[in-house]
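This briefing is for a reader who has not met the structure before. Please look at the sequence and the model first, then read the points below.

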Amino acid sequence: MELKQLKYFVSVVEHGSMGKAALALGVVTSALSQQISRLESELAIRLLVRTSGGVVPTEAGLAFCQQAQLTLRHADDAILAARSARLSGHVSVGLAPSTASVIGLPFLRAMQERYPEVRLRLVESLSGHLESMLIGRQIDLAILFREIPTQRWSFVPLLDEHLFLIGHASMKGMPSGSKVALSRLGGLPLILPSGSHGLRALLDGAFRGSQSHPQIALEVDGLAMLMDAVRGGLGATIQPGAALAHIQNHSLVSVRIADKDAVRPNLIVSVSDSELSPAGLAARVVLADVSRQLVLAGDWPGASLRSHNLHKK
């Protein structure tokens, strides 16, 4: 027996008609009739008598209706009690600069809307620093680009970000078209993060896989300064599409990197579930929800969703 069946039955008794009850409930009459018949079969008792003018409850049906109304009121009270007992506590979340540029504000808004009593601390830093903060228990969870080795953590595969060549269309050597291979970029001055940066490690591996060598003009670890240099015409860069989220970068063009290794995985990494507070568990769900909404709405350039299956290491 389901609450839905009780709700349907009470509505039929109150309206005295299958058709009127179906209209009020927003279901078709045949489906409503089937639910009532199933309820009567489960109870092995006739609850309603069909007449030419509608339906009337039997004596058993009247007694059942009174208790069903009480049960539905209790269910409503339980929902209200759960909603009034707002989740509280503290949670600290880490985001890399490129990730924060696209999801930071929507995440903050969603947390404030859903859990106004939770005190949220948002840390924006390079992914390597965020890893260290997680290991040191300075933050509870973060969106990272690889699993942390030799640690016992929970990982939620989130999405994959394709990488793009970004620069001024007028720059010499800047390719046209929708895609370009890394092997075609040898003569283009690039502005990339330094070797300690996770994205640089991914790019170095992708360049090796393409048997080509990039022309590094500058190394800049801060995303804001790096994009300033690109807008200033000092070179092009290779970044995920999120780097184009800020309106000041809309004057730049982007060409997707065609190499299969030029993809950055995003994972929500957190301390183990036994250590993660209720506020942390809630923040992890909100991060996944907001990410999914942004990707489906086309507001996370170059991102594609992955399965949100939680696994532990």
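Is glycine 61 buried or exposed, judged by its relative accessibility? Glycine 61 counts as buried, because its relative accessibility is 0% and the cut-off for buried is under 20%. The model is a predicted one. The points below begin with glycine 61 and threonine 58, then turn to helix H2 and its contact with helix H1.

**Glycine 61**
- Glycine 61 is part of helix H4, which spans residues 59-84.
- Apart from neighbours within four places in sequence, glycine 61 is in contact with Phe9 and Leu47.
- Between the C-alpha atoms of glycine 61 and leucine 159 there are 53 Å, and the two residues are 98 residues apart along the chain.

**Threonine 58**
- Threonine 58 sits in the loop between E2 and helix H4.
- A polar atom of the threonine 58 side chain lies 2.9 Å from the backbone nitrogen of glycine 61.
- Threonine 58 has a relative accessible area of 17%, so this residue is buried, the cut-off being under 20%.
- Not counting residues up to four places away in sequence, threonine 58 touches Arg46, Leu47, Leu48 and Val49.

**Helix H2: buried and exposed sides**
- Helix H2 covers residues 18-25, and Met18, Ala21 and Ala22 in this helix are buried.
- Viewed down the axis of H2, these buried residues fall within an arc of 100 degrees, so they line one face of the helix.
- In general, an α-helix has 3.6 residues a turn, so residues three or four places apart point the same way.
- Lys20, Leu23 and Ala24 are exposed residues on the face of H2 turned away from its buried side.
- The buried residues of H2 pack against two helices, H1 (3-15) and H3 (29-43), and against two strands, E1 (48-51) and E2 (54-57).

**Helix H2: the ends**
- At the N-terminal end, H2 is capped by serine 17, with a side-chain oxygen 3.2 Å from the backbone nitrogen of glycine 19.
- Glycine 26, just after H2, has a positive phi of about 75 degrees.

**How H1 and H2 meet**
- The axes of H1 and H2 are 8 Å apart, and the two helices pack at an angle of about 125 degrees.
- That angle makes H1 oblique to H2.
- H1 and H2 cross in a right-handed manner.
- On the H1 side the contact is made by Lys7, Tyr8, Ser11, Val12 and His15, and on the H2 side by Met18, Lys20, Ala21, Ala24 and Leu25.

Terms used. Residues numbered from 1 in each chain as written. Predicted model: local features only at pLDDT ≥ 70, side-chain atom pairs only at ≥ 80, totals over all residues. Heavy atoms only, no water. Buried < 20%, exposed > 50% of the residue type's maximum accessible area, 1.4 Å probe, protein only. Helix = DSSP H or I, 4+ residues; strand = E, 2+ residues; numbered from the N terminus. Arc of directions from axis to C-beta. Contact = heavy atoms within 4.5 Å. Polar contact = N/O pair within 3.5 Å; in protein donor to acceptor, adjacent residues only side chain to side chain. Axes fitted to C-alpha atoms, helices over the stretch in contact; angles between N-to-C directions. Parallel < 35°, antiparallel > 145°, perpendicular 65-115°, else oblique. Left-handed = near helix turned anticlockwise from the far one by under 90°.
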